[in-house]
Amino acid sequence: MVGRLGRRIRGFVGCFVWFCLISMKSVDLVYEVYGGDNDYPLIILHGFLASSRNWRTVAKRLSADYLVYVLDMRNHGASPHSEQMDYPEMAYDIVCFMDQLGLQNAHVLGHSMGGKIAMWLALHHPHRVKNLMVADIAPVNYKHSFDEMIQSLKQLPLDQITNRKNAELYLAEAIPDTAFRQFLLQNLLLKDGCYCWRINLDIIQKTAHSIVDFPEYSTQHYSDKVLFIAGERSTYIDPEAVFKSFPRAKIVTIPDTGHWLYVEAPDEFCQIINTWLKGE
């Protein structure tokens with residue numbers, strides 16, 4: 001009786017997942033590629049309000065051994081905008097991207113938001129992931145909010161901005177961290193003599209809660225090995241949540257780094273990735 005009920009529940013869950021997939025509409029992601037065609041593919045997924053350009057240094061170094069695809073996620077970089085943005089949909093974008101390029105599976109590396117996308121991909125499409133690597137994020141709902149930061153970007157008087165330094169000064173009070181301010185301003189474009197946002201801030205604001213959260217996925221877990229890389233000064237990694245969903249996870253910490261560990265310590269970061277992928 002219990003076995004029959006279990007099969008029915010699994011069948012219902014399978015049908016539900018199938019229904020969700022066919023109801024999704026993927027976005028054709030823009031990407032940069034580095035390395036030789038004969039190398040094994042490595043897909044890199046950036047974080048919230050970042051883009052492929054933030055990963056060029058790391059991608060070029062890793063391209064010595066891998067065919068590296070650095071994607072712009074939906075509503076980021078040069079990829080199309082969509083009113084819908086959550087982890088199941090963004091993971092489905094990756095599946096469709098791989099299908100379009102004929103990639104049966106690939107190594108997948110994600111940071112922050114990209115790490116959550118990578119985790120959802122592995123949990124629901126495990127056969128598409130050869131090696132999973134997650135940088136400074138965990139499969140949990142965080143309590144922080146992006147509302148004030150996004151609102152400060154929306155209030156930037158674009159018609160009065162004459163250069164990026166000018167924009168920085170406007171945002172200095174609302175966003176005091178200089179490095180983070182400069183990171184956000186990479187989304188500011190000069191087009192036809194006027195500054196504009198590359199990203200749609202209205203969509204970003206409306207969907208930001210989905211980025212802070214991580215969808216419920218029952219007791220599902222990923223059975224293969226997973227590498228989690230943490231910044232020593234960061235508090236994003238939650239070991240209990242990590243091992244609950246990824247029981248064979250290994251957590252490696254890079255000393256004296258925060259959440260942007262791949263920028264602060266690119267040499268150590270790439271060395272950890274290469275060591276993991278080569279099984280050393």
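**Strands, helices and salt bridges: a tutorial**

Student: This is a predicted model, and S6 and S7 are listed as a pair. What makes S6 and S7 pair?

Tutor: Pairing takes at least two bridges between the strands. Strand S6 (residues 188-191) and S7 have four bridges, in the antiparallel sense, so they pass. Leu 188, for one, stands opposite Trp 197 in S7. In the hairpin of S6 and S7, with two residues between the strands, Asp 192 takes a positive phi near 55°.

Student: How do the side chains of S7 point?

Tutor: They alternate along residues 194-197. Tyr 195 and Trp 197 point to one face and are buried, whereas Cys 194 and Cys 196 point to the other and are not. That's what you'd expect, because side chains in a regular strand alternate between the two faces of the sheet.

Student: On to H4. How do you know that its length fits a helix?

Tutor: Take 1.5 Å a residue: the twelve residues of H4 (residues 113-124) should span 16 Å. The end C-alpha atoms are 17 Å apart, which agrees.

Student: And why is H4 called largely enclosed?

Tutor: Because eleven of its twelve residues are buried. Among them are Lys 116, Trp 120 and Leu 123.

Student: What makes the buried residues of H5 line one face?

Tutor: In helix H5 (residues 147-154), Met 149, Ile 150, Ser 152 and Leu 153 are buried. Seen down the axis, they fall within an arc of 155°, so they line one face of the helix. Their cover includes helix H6 (164-171), helix H7 (178-184), S7 and helix H8 (201-212).

Student: Why is the contact of Asp 65 and Lys 278 called a salt bridge?

Tutor: The cut-off is within 4 Å, nitrogen to carboxyl oxygen. Their N to O distance is 3.5 Å, so the pair qualifies. Asp 65 lies in the loop between helix H2 and strand S3, and Lys 278 in the segment after helix H11, so the bridge ties together parts that are 213 residues apart in sequence.

Student: Why is Asp 65 called partly exposed?

Tutor: Partly exposed lies between 20% and 50%. Asp 65 has 34% relative accessibility, so that's its class. Lys 278, at 44%, counts as partly exposed too.

Student: What about Glu 168 and Arg 181: buried or exposed?

Tutor: Buried means under 20%. Glu 168 has 11%, so it's buried, and Arg 181, at 8%, counts as buried as well. They form a salt bridge, with the closest N and O atoms 3.4 Å apart.

Key:
Residues numbered from 1 in each chain as written. Predicted model: local features only at pLDDT ≥ 70, side-chain atom pairs only at ≥ 80, totals over all residues. Heavy atoms only, no water. Buried < 20%, exposed > 50% of the residue type's maximum accessible area, 1.4 Å probe, protein only. Expected span 1.5 Å × (residues − 1). Arc of directions from axis to C-beta. Contact = heavy atoms within 4.5 Å. Salt bridge = Lys/Arg side-chain N within 4 Å of Asp/Glu carboxyl O.
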